[in-house]
Amino acid sequence: MSADEPAVVHRCGSVALIGRPNVGKSTLLNHLIGQKISITAPRPQTTRDQILGIYTRPNGQILFLDTPGVHQGYRSLNRHILRATRSALDAADLGVLVVEAPLWTAGDAEALRWLQQRELPLILVANKIDRIAQKERLLPYLQELGKQARFVEIIPMSARRPDDVEHLADVILPLLPEGPAQYAEDEVTDRQMRFLAAEAVREQIFRQLSAELPYETAVAIEKYSIAADGRHEIEATIYCRRPGQKAILLGEKGQRLKHIGTRARESIAQQTGARVWLGLWVKEREDWDRQPGILRDMGYGA
């Protein structure tokens, strides 16, 4: 580089994705990273932990923190969920509030309040604009959003459109502090496969079971090893509270559990690029969500 050429500025910082449940935060993160690291399902409140997604360009690295969202849960587990959200906000250099266009709800206002308590620079993402049938509603809606707070930028987008996702990264990167990358170029998350495997099982429980049962379950990875031939061998336990829930998870002659395991195994194989053996068991444990020690074993902390 000659003396006349400007130095290339490299930026690196943390960005908290926050919003009420089911506005598309996890879908947005997965499309930003280009890999599925955060579970998605057509049900609210599926995320229970903070997920780090690492987005790297030659001139910068964005550390996206997908939060569990602002909602209520169960006892000790709920305390963990709230801690995970607060931890993401405390670590963030920038906040991204994700809402579902064309809505503004009390849950959106509460998520904004959390962000404003940290006095972070804010970007508002109006997600799912591709689902708005009457496009003339979009501009007045965006104008109303602008009255809610002082946002650096309001970005209407669909998390499923690559150009929209790249534009969001374009906006974020110049707002981050200068600094070196914290992770290698090929890393996309700091989570180990044990955690991602448990999440893959949990996702299938949400996708295949209705009502409240998925919210009353948890998944613990009992064993995760890689055999000499490269096959990933996993043993996992699904915890529920009552005998009736166990029967539902198992299904007739164990067919539902088999189906959950098959879909989860396919997801894990896609993530690892390897063959996967997944053994699933169901155990009844009534107070799993009230026991800090059990929650730690399941990876949720105390």
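How much space lies in the largest cavity? About 70 Å³. I'll come back to that cavity in a moment. One caution before we go on: this is a predicted model.

So, the cavity. The structure holds one cavity of 30 Å³ or more. Which residues line the largest cavity? From the early part of the chain come K36, I37, S38 and I39. Then come L196, E199, A200 and E203. S267 and Q271 complete the lining. Two elements give two or more residues to that lining: α6, residues 193–208, and α8, residues 255–272. α6 gives the most, with four residues. As for chemistry, the lining divides into four nonpolar, three polar and three charged residues.

Next, the sheets. Start with the one built from six strands. Its order is β2-β3-β1-β4-β5-β6. The sheet is open, and the pairing is mixed. Which strands stand at the edges? β2, residues 51–57, and β6. Each has a single partner strand, so one side of each is left without a neighbour in the sheet. From one strand to the next, the twist averages 25 degrees.

Let me walk through some of the pairings. As general background, strands of a sheet pair through backbone hydrogen bonds, either parallel or antiparallel. Take β1, residues 11–18. Toward β3, residues 60–66, β1 makes seven bridges, and the two run parallel. There, R11 stands opposite G60. Toward β4, residues 94–100, β1 makes four bridges, again parallel. On that side, I18 stands opposite L97.

Is β1 mostly covered or mostly open? Mostly covered: seven of its eight residues are buried. C12 has a relative accessibility of 7%, so C12 counts as buried, the cut-off being under 20%.

Move on to β4 and β5. Six bridges join them, and they run parallel. V99 stands opposite A126 in β5.

Now the second sheet. This one is open too, with three strands in the order β7-β8-β9 and mixed pairing. The edges are β7, residues 218–226, and β9, residues 276–284. Each of these has a single partner strand, so one side of each is left without a neighbour in the sheet. Neighbouring strands here are turned by 15 degrees against each other on average, direction ignored.

How many bridges join β8 to β9? Nine, and the two strands run parallel. β8 covers residues 232–240. At C240, the bridge partner in β9 is E284. C240 sits at 0% relative accessibility, so C240 counts as buried.

We have now met two cysteines, C12 and C240. How many disulfides turn up in a search of the whole structure? Zero.

Last topic: the loops, and some backbone details in them. The general rule first. Most residues other than glycine have a negative phi, and most peptide bonds are trans. Here are some departures.

A cis peptide bond joins A101 and P102, with omega at about 5 degrees. P102 lies in the loop between β4 and α3, the helix of residues 106–117.

Then K128. Phi of K128 is near 65 degrees, a positive value in a residue other than glycine. K128 lies in the loop between β5, residues 122–127, and α4, residues 138–145. Is K128 buried or exposed? Buried, because its relative accessibility is 13% and the cut-off is under 20%.

K253 also has a positive phi, about 55 degrees, although it is not a glycine. Its loop runs between α7, residues 243–250, and α8. K253 is at 79% relative accessibility and so counts as exposed. The cut-off for that is over 50%.

One more loop residue: R160. Where does R160 lie? In the loop between β6, residues 153–156, and α5, residues 162–172. R160 has a relative accessible area of 52%, so R160 is exposed. Look also at D130. R160 and D130 are 30 residues apart along the chain, and their C-alpha atoms are separated by 9.2 Å.

To recap. There are two open sheets to look at, one of six strands and one of three. There is one cavity of 30 Å³ or more, and α6 gives the most to the lining of the largest cavity. The search for disulfides finds zero. And for the backbone, look at the cis bond between A101 and P102, and at the positive phi of K128 and of K253.

Methods. Residues are numbered from 1 along each chain as its sequence is written. This is a predicted model: local features need pLDDT of at least 70, side-chain atom pairs count only at pLDDT 80 or more; totals for chains, interfaces and linings use all residues. Side-chain values use heavy atoms; hydrogens and water are left out. A disulfide is a pair of cysteine sulfur atoms within 2.5 Å. Buried means under 20% relative accessible area, exposed over 50%, partly exposed in between (1.4 Å probe, protein chains only). On a 1 Å grid over the protein atoms alone, a cavity is a set of points where a 1.4 Å probe fits but cannot get out, and a pocket is an open set with protein on both sides within 12 Å along at least five of seven lines; lining residues have an atom within 4 Å of a point. Grid points are joined across faces, edges and corners, and a volume is the space filled by probe spheres set on the points. Ala, Val, Leu, Ile, Met, Phe, Trp, Tyr, Cys and Pro count as nonpolar, Asp, Glu, Lys and Arg as charged, and the others, Gly among them, as polar. Two strands pair if DSSP finds at least two bridges between them. Axes are lines fitted to C-alpha atoms, for helices over the stretch in contact, and angles run from 0 to 180 degrees between N-to-C directions.
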